[in-house]
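Subject: Structure handover

Hello,

Here is the structure for your set. My notes on it follow below.

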Amino acid sequence: MKLYNYWRSQSSYRIRIVLNLKGLDWEYVAVDTANGEQHGAAYREIHPNGQIPVLDDGDNRIFQTMAITEYLEEAYPDPPLYPTAPVERARVRGFILTCTCEAQQRTGRRIRDYVEERFGLEILKEWYEYWTPRSLEMLEKLVADHPMTGDFVHGDTPGAADCFLVPYFYQGSYRDADYATTPTLKRIVDNCLALPAFEKAHPNNQPDVGPDSRF
Ligand SMILES: N[C@@H](CCC(=O)N[C@@H](CS)C(=O)NCC(=O)O)C(=O)O
């Protein structure tokens, strides 16, 4: 199994955690998205939209982190990362979609590149500082006081939703996001970071880690 990814990318980090929680063997293929490798012809052969991560499992090529996560869950069910009851599965999917379709897309690489190129770095920072606390608060509301929240986003074992939360937190932490208003998320992230599967997937522990001065 091969994962095309980049050390600092939050989407890549999600799938590294999933692979590690499932105890799968996989090969790291670095794609330098800070320097535009995703836009080159060679990578466009792998993913026509030039995004990471992409998972190759034998002859199967899969993209979009929610689809990759659900593929891995179905193809390698043990240990499960989703609950079994339909309503609980829906809750986990709702949380994941809030991370991928709402929070991340407000400040993702492509959006940041466009805002910086069009309006400059100061406006980009303002953009980021406007959206990030709102995204964090939106996620906090999904877990604070919810009866199904436990040591992790859903219950007391780490699961798919945690694989999406931890990387969202990470991308905020290196840009000084303030976590004071998100105590439940902070508690869950701390629980996750104490586990080897999360630690091994951390950006700082990847083979291509290096200087990346892009905002
Ligand atoms: N919705 C996609 C988002 C993927 C995504 O935004 N990936 C970023 C890295 S975190 C990327 O490819 N950035 C390079 C670019 O957009 O040019 C998913 O969940 O897989």
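**Overall size and fold**

The protein has 215 residues, for which a compact globule would have a radius of gyration near 17 Å; the value here is 17 Å, so the two agree. Please keep in mind that this is a predicted model. Along the principal axes, the C-alpha atoms fill a box of roughly 45 × 45 × 30 Å. Buried residues account for 35% of the 215. Of the contacts between residues at least 6 apart in sequence, 71% join residues at least 24 apart.

There are nine helices and four strands. Read from the N terminus, their order is β-α-β-α-β-β-α-α-α-α-α-α-α.

**Domains**

The protein is split into domain 1 (2–79) and domain 2 (86–199). Their centres, taken over C-alpha atoms, are 19 Å apart. Contact between them involves 11 residues of domain 1 and 15 residues of domain 2. On the domain 1 side, helix 1 and helix 3 are the elements that give two or more residues. Helix 1 gives the most, with seven residues. By class, that side of domain 1 has five nonpolar, five polar and one charged residues.

**Helix 1**

Since helix 1 comes up at the domain contact, here are its details. Helix 1 covers residues 10–21, which is 12 residues. From first C-alpha to last it reaches 17 Å, close to the 16 Å expected at 1.5 Å a residue. Helix 1 is mostly covered, with 11 of its 12 residues buried. Among the buried residues are Gln 10, Ser 11, Ser 12 and Tyr 13 at the start of the list, as well as Arg 14 and Arg 16. Ile 15, Ile 17, Val 18, Leu 19 and Leu 21 are buried too.

What do the buried residues of helix 1 pack against? Their partners are strand 1 (2–5), strand 3 (54–57), helix 3 (65–75), helix 4 (86–107), helix 7 (160–173) and helix 9 (196–201). Just after helix 1, Gly 23 takes a positive phi of about 65 degrees.

**Ligand shell**

The ligand has 14 residues around it, and those that come nearest are Ser 9, Ser 11, Gln 51, Thr 65 and Arg 109. Helix 1 and helix 5 (109–119) are the elements that give two or more residues to this shell. Which class of residue fills the shell around the ligand? The shell divides into one nonpolar, 11 polar and two charged residues. Each of domain 1 and domain 2 supplies at least three residues to the shell.

Regards

Definitions and conventions. Residues numbered from 1 in each chain as written. Predicted model: local features only at pLDDT ≥ 70, side-chain atom pairs only at ≥ 80, totals over all residues. Expected span 1.5 Å × (residues − 1). Buried ≥ 20, exposed ≤ 12 C-beta atoms within 10 Å, placed from the backbone. Contact = placed C-beta atoms within 7 Å. Domains from an automatic or database assignment. Nonpolar A, V, L, I, M, F, W, Y, C, P; charged D, E, K, R; others polar. Near = placed C-beta within 6 Å. Rg over C-alpha atoms; globule rule 2.2 N^0.38 Å.
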